[in-house]
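The exercises below are meant to be worked with the sequence and the coordinates open side by side. Each one sets a task and is followed by a solution that goes step by step.

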Amino acid sequence: MDILSPDILAYIEKMGVPEPDLLARLRKETHQKVLYPRMLSGPYQGRLLALFSKILRPNHILEIGTFTGYSCICLAEGLAPSGQITTLEKNPELAFIIRPYLEEAGISDRVNLQFGDAKEVLPSLSGPFDLVFIDADKAHYVTYYQMVLSKLSPNGIILADNVLWSGKVLNPHILDKETDSLRQFNKFVQEDDKVEQVLLPIRDGLMLIRKKV
């Protein structure tokens, strides 16, 4: 999933802020107990998410795709004093690892963890959201984007993960549903005059999107 060479990535991580111990333990337990642990954000991207959140100081964050809670804990680091995160996860069987780590991180009372299909849950959420992190099933990225944009505050930020999809979006011969959906998403955002965006070559590709005033 990493576009950068292992040596460059190791140097970047060495020069950055160290991964907190709690997150290191969560990462290890995810690899030991959960299928597809590579879905985890990881130290480099996790510190970036935390820094984005600290810069924005959001009152309300929306995360689509909790997985084991790693990115949720990172995003919570920058919450405003009365801020809250709403995080949506399709698989309720992951609760066994999510809830204890949210509790240990001291943020369980500030996290609204909801299990279910995001497409069904999102209409019930009013917002406004200052920061949205999309990291769920890739086939529905355009749908998620359309559903949250109206709930995003002016100058609000959307971060969409995996938009380079291990470089497969560049290969016209790769036509699987996920790859094609991500191509459509990238193009859709590019042509949306309500936002401005930059595609960052971080890990598996991270789209940074700002809603215009």
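## Exercise 1: The pockets

Task: for the largest pocket of this predicted model, work out how the lining divides by residue class, and then where that lining comes from.

Solution. Begin with the classes: the lining of the largest pocket divides into 17 nonpolar, eight polar and 15 charged residues. Next take the space itself, for which the computed volume is about 870 Å³. The lining comprises 40 residues, and those closest to the centre of the pocket are Met39, Phe67, Asp135, Ala136 and Asp137. Finally, assign the lining to secondary structure: the elements that contribute two or more residues are helix H4 (70–76), strand S2, helix H6 (118–121) and helix H8 (177–190).

Task: carry out the corresponding analysis for the second largest pocket, and state which element gives the most to its lining.

Solution. The volume of the second largest pocket is about 260 Å³. Its lining has 13 residues, with Gly16, Val17, Tyr44, Arg47 and Leu48 nearest the centre. Two or more lining residues come from each of helix H1 (6–15) and helix H3 (42–56), and H3 gives the most, with seven residues. By class, the lining of this second largest pocket holds eight nonpolar residues, one polar residue and four charged residues.

## Exercise 2: The nonpolar cores

Task: identify the residues with the most contacts inside the largest nonpolar core, and find which element supplies the largest share of that core.

Solution. The largest nonpolar core has 34 residues, and Ile73, Ile85 and Leu159 have the most contacts inside it. The elements that provide two or more of its residues are helix H2 (21–33), H3, H4, helix H5 (95–104), strand S3 (111–115), strand S4 (129–134) and strand S5 (152–161). Among these, H4 supplies the largest share, namely six residues. Apart from this core lies another, of 30 residues, which include Val142, Ile158, Trp165 and Leu182.

To follow one residue in detail, take Leu159 and leave out residues up to four places away in sequence: Leu159 then touches Leu49, Phe52, Leu131, Val132, Phe133, Ile134, Leu206, Met207 and Leu208.

## Exercise 3: Two threonines and a cysteine

Task: decide whether Thr86 is buried or exposed, and list what surrounds it.

Solution. Thr86 is found in strand S2, which covers residues 84–89. Thr86 counts as buried because its relative accessible area is 2%, and the cut-off for buried is under 20%. Beyond its neighbours within four places in sequence, Thr86 is in contact with His60, Ile61, Leu62, Glu63, Asn112, Gln114, Leu125 and Phe129.

Task: find which side chain is joined to that of Thr87 by a polar contact.

Solution. Thr87 also lies in strand S2, and Thr87 counts as buried because its relative accessibility is 0%. Its side chain is joined to that of Glu63 by a polar contact of 2.6 Å. Not counting residues up to four places away in sequence, Thr87 touches Glu63, Thr66, Cys72, Val111, Asn112, Leu113 and Gln114.

Task: locate Cys74, and state how far its C-alpha atom lies from that of Leu40.

Solution. Cys74 is placed in helix H4, and Cys74 counts as buried because its relative accessibility is 0%. Although Cys74 and Leu40 are 34 residues apart in sequence, their C-alpha atoms are 12 Å apart in space. With residues up to four places away in sequence left out, Cys74 touches Leu23, Gly46, Arg47, Leu49 and Ala50.

Terms used: Residues numbered from 1 in each chain as written. Predicted model: local features only at pLDDT ≥ 70, side-chain atom pairs only at ≥ 80, totals over all residues. Heavy atoms only, no water. Helix = DSSP H or I, 4+ residues; strand = E, 2+ residues; numbered from the N terminus. Buried < 20%, exposed > 50% of the residue type's maximum accessible area, 1.4 Å probe, protein only. Contact = heavy atoms within 4.5 Å. 1 Å grid on protein atoms, 1.4 Å probe; cavity = no way out; pocket = protein on both sides within 12 Å on 5 of 7 lines; lining within 4 Å. Points joined across faces, edges and corners; volume = space filled by probe spheres on them. Nonpolar A, V, L, I, M, F, W, Y, C, P; charged D, E, K, R; others polar. Core = buried A, V, L, I, M, F, W, Y, C linked by side-chain atoms within 4.5 Å. Polar contact = N/O pair within 3.5 Å; in protein donor to acceptor, adjacent residues only side chain to side chain.
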